[in-house]
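Visitor: Could you take me closely through one part of this model, starting from a single position and working outwards into its surroundings? I would like the cut-offs spelled out as you go.

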Amino acid sequence: MNTVHLVGKIATDIRVREFPSSKRPEPMVKASFLLAVPPPTKAGEPDWVPIETWNAQARNLVRFNRKGSRIAVSGRIHSRFYDPNGKERGGSLRPTVVADGIDYLTQPRTEPTAPAPAEAPRGRR
């Protein structure tokens with residue numbers, strides 16, 4: 001069974017790409033980023049896990065989260081070979097977690113609003 005559950009912080013800006021689709025009226029959308037997953041003990045560096053998600057989930061991720069947001073990801077590992085020279089076989093193996101579900105664990109981001117007017121200080125009587 002190929003199942004992954006991770007909790008961590010979005011460590012990079014979320015990259016969004018659109019791909020034309022012959023089966024849908026709107027293009028397919030892919031969001032990708034690195035997730036920093038803390039180690040089981042306080043000592044040590046986090047693990048950096050590449051994550052990708054698609055379509056409505058990708059749109060919502062970008063809409064409500066940003067670098068530094070804490071999330072929980074459920075999905076599967078997808079691996080492919082990458083060769084910078086364009087060869088079909090060989091190269092290095094690139095595993096990625098394809099997120100089927102993402103839970104937002106921090107307050108969703110909101111657009112900046114004007115600060116509330118400050119009240120005049122109250123003096124003693």
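Guide: Pro46 is found in the loop that runs between β3 (28-37) and β4 (47-54); strands here are DSSP runs of E with at least two residues, helices are runs of H or I with at least four, and both are numbered from the N terminus. The model is a predicted one, in which local features need a pLDDT of at least 70 and side-chain atom pairs count only at pLDDT 80 or more, while totals for chains, interfaces and linings use all residues. Residues are numbered from 1 along each chain as its sequence is written, and side-chain values use heavy atoms, with hydrogens and water left out.

Pro46 counts as partly exposed because its relative accessibility is 25%, the scale being buried under 20% relative accessible area, exposed over 50% and partly exposed in between, with a 1.4 Å probe and protein chains only. Leaving out residues up to four places away in sequence, Pro46 touches Ala36, Val37, Pro38 and Pro39, where contact means heavy atoms within 4.5 Å. Leu35, eleven residues from Pro46 in sequence, lies 9.2 Å from Pro46 in space, C-alpha to C-alpha.

From the loop one can step back into β3, a strand that is mostly covered, with eight of its ten residues buried. Its partners can be taken in turn, two strands being paired if DSSP finds at least two bridges between them. With β4, β3 runs antiparallel over eight bridges; with β2 the pairing is antiparallel over five bridges, and Glu18 has Val29 of β3 as its bridge partner. β1 and β3 also pair in the antiparallel sense, over two bridges, and here Ile10 has Leu35 as its partner in β3.

Within β3, Lys30 deserves a careful look. Lys30 counts as buried because its relative accessibility is 14%, and it stands opposite Trp54 in β4. The side chains of Lys30 and Glu52 are joined by a polar contact of 3.5 Å (a pair of N or O atoms within 3.5 Å, where within protein one must be able to donate a hydrogen and the other to accept it, and residues adjacent in sequence count only if both atoms are side-chain atoms). Setting aside neighbours within four places in sequence, Lys30 is in contact with Arg15, Val16, Arg17, Phe19, Glu52, Thr53, Trp54, Ala58 and Arg80.

Phe19 and Trp54, both on that contact list, also belong to the aromatic pairs, of which the count comes to two; rings of Phe, Tyr and Trp (its six-membered ring) pair if their centres lie within 6.5 Å, and planes under 30 degrees apart count as stacked, over 60 as edge-to-face and the rest as tilted. Phe19 and Trp54 form a tilted pair, at 5.8 Å centre to centre and 35° between the planes. Since Phe19 lies in strand β2 (residues 15-19) and Trp54 in strand β4, the pair ties together parts that are 35 residues apart in sequence. Phe19 is partly exposed, with a relative accessible area of 26%, and Trp54 is partly exposed at 30% relative accessibility. Phe64 and Tyr104 also form a tilted pair, at 6.4 Å centre to centre and 45° between the planes; with Phe64 in helix α1 and Tyr104 in strand β6, this pair ties together parts that are 40 residues apart in sequence.

β3 also contributes to the largest nonpolar core, which has 18 residues, among which Leu6, Phe33, Leu35, Ile51 and Val73 touch the most other members (a nonpolar core is a set of buried Ala, Val, Leu, Ile, Met, Phe, Trp, Tyr and Cys residues joined through side-chain atoms within 4.5 Å). At least two residues of this core come from each of β1 (4-10), β3, β4, α1 (55-64), β5 (70-82) and β6 (92-104), and the largest share, five residues, comes from β3. Leu6 touches Leu35, Val37, Val49, Ile51, Ile71, Ala72, Val73 and Val97, not counting residues up to four places away in sequence.

For the wider setting, the chain comes to one helix and six strands, following the pattern β-β-β-β-α-β-β along the sequence, and buried residues make up 26% of its 125 residues.
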